[in-house]
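Subject: Handover of a structure

Dear colleague,

Please find below the structure that I am passing on to you. My findings follow directly after it.

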Amino acid sequence: YAKRAGLNVLVPRWYYMEADGKVTDHTDKELLNWAHNNSRQVWAMVGNRGNAEGTHQVLSSAQSRKSVVDSISANVSRYRLDGINIDFENVMPQDRQNLTAFITQLSIEMRRLGAQLSIDVSPDLNTDWTAAFDYATLGTQVDYMVLMSYDQHWGGSPQAGSVSSLPWSESALSKLRTQVPAKKSIIAYPLYTRDWQITSSVSS
């Protein structure tokens, strides 16, 4: 698929930061070798499984943050990765400074290794979902900030609607652009839609 689509950067979800501070490794050696042999870059994704409590446990400890940074750096060296993509979701608002500290520390190591660092962020809607992301400060540390411009109406949404309407996406991008340079901004648009089932109960 990557070859047919003409993709130049692959971002496979290979690593997870667990609640105990360990980073689990699911590297696909076959895909990695194909990418290396076909001049494709690999920015391996590090997720947090959307685990708010576990993420807080790791990010609030300087020792745990360092351990995760060291593990990620070791994988970059071991597999000759071109970059790392951080995809932490459901991060608590009180972890805003801790997340920034983690990314700052990770950016130092990625620069040392010559690897790109990117982070995925949700549109800033002034809710707890995105309060942990300090756009401006994170933007000074990463090479790229990826705006997850999708799930305006998600699977469990109480209201049916667009996955990414143009006004909503433009507003999110405008807000990001006030704090992060355009050259560091990447917009991630959805390649999917949702088939909404509308039901109503009528009493006789």
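The protein chain holds 7 helices and 8 strands. Please bear in mind that this is a predicted model.

Overall form

The radius of gyration of the protein chain is 18 Å, which agrees with the value near 17 Å that a compact globule of 204 residues would have. Along the principal axes, the C-alpha atoms occupy a box of roughly 65 × 45 × 35 Å. Of the 204 residues in the protein chain, 44% are buried. If one takes the contacts between residues at least 6 apart in sequence, 76% of them link residues at least 24 apart.

Surface and charge

The protein chain has an accessible surface of about 11,100 Å², and carbon and sulfur atoms account for 48% of that area. It carries 19 positive and 20 negative charges, and the mean positions of these two sets lie 7 Å apart.

Strand β4 and its partners

Strand β4 spans residues 41-47, and because 6 of its 7 residues are buried, the strand is largely enclosed by the rest of the structure. Which strands pair with β4? Strand β1, residues 9-10, is one of them, joined to β4 in the parallel sense over 2 bridges. Within that pairing, Val 9 has Gln 41 of β4 as its bridge partner. Strand β2, residues 13-17, also pairs with β4 in the parallel sense, here over 3 bridges. Tyr 16 is bridged to Gly 47 of β4. Strand β5, residues 83-87, runs parallel to β4 as well, and 5 bridges join the two. An example from this pairing is Val 46, whose bridge partner in β5 is Ile 86. As general background, side chains in a regular strand alternate between the two faces of the sheet.

Asn 75 in helix α4

I would also draw your attention to Asn 75, which lies in helix α4, a helix that covers residues 62-79. Is Asn 75 buried or exposed? Its relative accessibility is 5%, and since buried means under 20%, Asn 75 counts as buried. Which residues does Asn 75 contact, apart from its neighbours within four places in sequence? The contacts of Asn 75 are with Tyr 15, Val 23, Asp 25, Arg 80 and Leu 81. One of these, Tyr 15, falls within the residues 13-17 of strand β2, the strand that pairs with β4.

With kind regards

How values were computed: Residues numbered from 1 in each chain as written. Predicted model: local features only at pLDDT ≥ 70, side-chain atom pairs only at ≥ 80, totals over all residues. Heavy atoms only, no water. Helix = DSSP H or I, 4+ residues; strand = E, 2+ residues; numbered from the N terminus. Rg over C-alpha atoms; globule rule 2.2 N^0.38 Å. Buried < 20%, exposed > 50% of the residue type's maximum accessible area, 1.4 Å probe, protein only. Contact = heavy atoms within 4.5 Å. Areas by Shrake-Rupley, 256 points an atom, 1.4 Å probe, with all protein chains shown as cover. Lys, Arg positive; Asp, Glu negative; His and termini not counted. Charge placed at Lys NZ, Arg CZ, Asp CG, Glu CD. Pairing = 2+ DSSP bridges.
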